[in-house]
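Open the model in your viewer and keep the selection panel at hand. This tour goes from the whole chain down to single residues.

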Amino acid sequence: MDTSARADFRTYDRRLEPVAAKVFTQERLDEADALALYASHDVLAVGWLANHVRERLHGDVTYFNVNRHINPTNVCVAACKLCAFGRKKGDPAGYTMALEEAWQTAASGYSEAVTEFHIVGGLHPDLPFEFFLDLVRGLKERFPRVHIKAFTMVEIAYLARRAKISVEQTLLKLREAGVDSMPGGGAEIFAPRVRSIICDHKIDGQEWLETARTAHRLGFKSNATMLYGHIENDADRVDHLLKLRALQEDTGGFQTFIPLAFHPQNTPLGHLPVTTGLTDIRQIAVSRLVLDNFPHIKAYWQMLTPKIAQIALRFGADDLDGTVIEEKIYHDAGATTPQGLTRKELCRLITEAGRVPIERDTLYHAVTRTEDSFMVAV
Ligand code: V47
């Protein structure tokens with residue numbers, strides 16, 4: 001038991017005391033504990049506990065990465081109420097990159113020698129599976145040292161359906177083409193009541209989890225997200241976290257959890273208010289405490305703003321993503337954050353939070369640099 005931390009812990013919320021006792025003895029938190037963390041007004045105490053766990057796992061180390069997002073198309077058969085990015089086929093605001101254009105997009109911003117391409121997009125009704133395989137093959141040929149983190153579980157399930165092959169075969173073909181791992185998007189909220197309202201055209205939560213399970217079985221690492229701050233309640237959030245924790249118990253394939261705050265602007269849910277800073281910070285902290293088998297909790301500054309993301313580094317987060325360079329999904333939904341940050345700016349945010357910045361590749365190996373090139377320490 002961590003007796004010195006226990007002696008230092010203070011809260012005015014008695015409901016937190018039994019939860020804190022479990023944190024100090026490293027006992028797994030249950031549903032009631034998670035609900036108590038969400039219900040507590042003592043957000044500083046919740047954050048203190050999360051920071052304690054974060055420091056137990058990572059000390060002061062804070063990871064960041066030099067990545068580039070690529071969104072090859074915004075044309076999407078789904079019409080999710082949560083989304084401001086997707087466009088129906090034929091919409092004048094729809095776009096689909098030609099392969100050459102996608103490869104050129106990847107090269108722009110390459111001056112910082114990105115170590116990761118993060119590729120996600122709409123569920124296009126006409127683009128064949130071969131297009132995506134060619135896209136990835138072309139990227140690997142041109143940038144053989146860059147890790148390709150591509151396609152959400154939703155996209156993978158859709159590609160499988162369109163190609164009339166299994167998810168496993170789809171994943172194997174993607175791997176052959178050059179996909180190295182998967183991002184965490186499309187998880188949203190698993191609870192069917194909420195999912196049927198915010199994204200009823202997407203695969204259900206069970207299928208998202210099963211697709212991730214298959215990817216992990218084949219040896220892929222992936223991330224997981226949760227979209228919060230819309231019509232879900234605390235019980236829905238807890239349900240989502242516990243389902244992810246249970247799958248991680250089986251597969252160990254998740255690397256990072258990324259809570260994503262809902263941006264309502266330009267979506268059919270535009271009447272909803274944006275999340276507040278305390279909600280964002282609490283979500284980071286609860287995630288760190290409940291997801292005890294997830295190695296990393298990521299503060300995605302594009303969504304949180306750099307200021308809140310920096311504070312998150314003392315409330316449970318150990319990872320600050322990333323240089324990004326060009327972001328469409330949140331900016332279509334009203335985000336006012338910059339399109340990208342430089343390595344130097346990320347390091348400043350981390351250092352001024354009293355943490356030690358470590359550049360990582362997608363699989364959390366440390367990266368060392370000489371000017372524009374990089375070396376990955378295995
Ligand atoms: O799946 C869409 C969300 C996700 C909105 O794995 C919205 O490293 C808020 O998954 N307001 C895509 N969120 C982003 C994503 C991600 C981001 C950074 C890192 C990683 C990673 C993954 O964005 C979607 C959806 O959940 N989203 N629209 C919106 N209006």
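The stops below follow the boundary between two domains of this predicted model.

**Stop 1: the two domains.** Select residues 3-57 and colour them as domain 1. Then select 61-377, which is domain 2. Their centres, taken over C-alpha atoms, lie 28 Å apart. Now show the residues in contact: domain 1 contributes 21 and domain 2 contributes 30.

**Stop 2: the buried surface.** Interface size is often quoted as the accessible area lost when the parts come together. Here the two domains bury about 2100 Å² between them. Carbon and sulfur atoms account for 63% of that area. Next, select Arg 28, Tyr 38 and Arg 54 in domain 1. These residues lose the most area to domain 2, together 40% of what the domain 1 side buries.

**Stop 3: the charged and polar links.** How many salt bridges cross the interface of domain 1 and domain 2? The rule finds four. For a salt bridge to zoom in on, pick Arg 355 and Glu 55. Their closest N and O atoms are 2.8 Å apart. Between the domains, 13 residue pairs are in polar contact, with both residues at pLDDT 80 or more.

**Stop 4: the helices of domain 1.** Select α3 (31-39) and α4 (43-58). Each supplies at least two residues of the side that touches domain 2. Which element gives the largest share of that side? It is α4, with eleven residues. Finally, colour this side of domain 1 by class: 14 residues are nonpolar, three polar and four charged.

Notes. Residues numbered from 1 in each chain as written. Predicted model: local features only at pLDDT ≥ 70, side-chain atom pairs only at ≥ 80, totals over all residues. Heavy atoms only, no water. Domains from an automatic or database assignment. Contact = heavy atoms within 4.5 Å. Buried area = accessible area lost by both parts, 1.4 Å probe. Salt bridge = Lys/Arg side-chain N within 4 Å of Asp/Glu carboxyl O. Polar contact = N/O pair within 3.5 Å; in protein donor to acceptor, adjacent residues only side chain to side chain. Helix = DSSP H or I, 4+ residues; strand = E, 2+ residues; numbered from the N terminus. Nonpolar A, V, L, I, M, F, W, Y, C, P; charged D, E, K, R; others polar.
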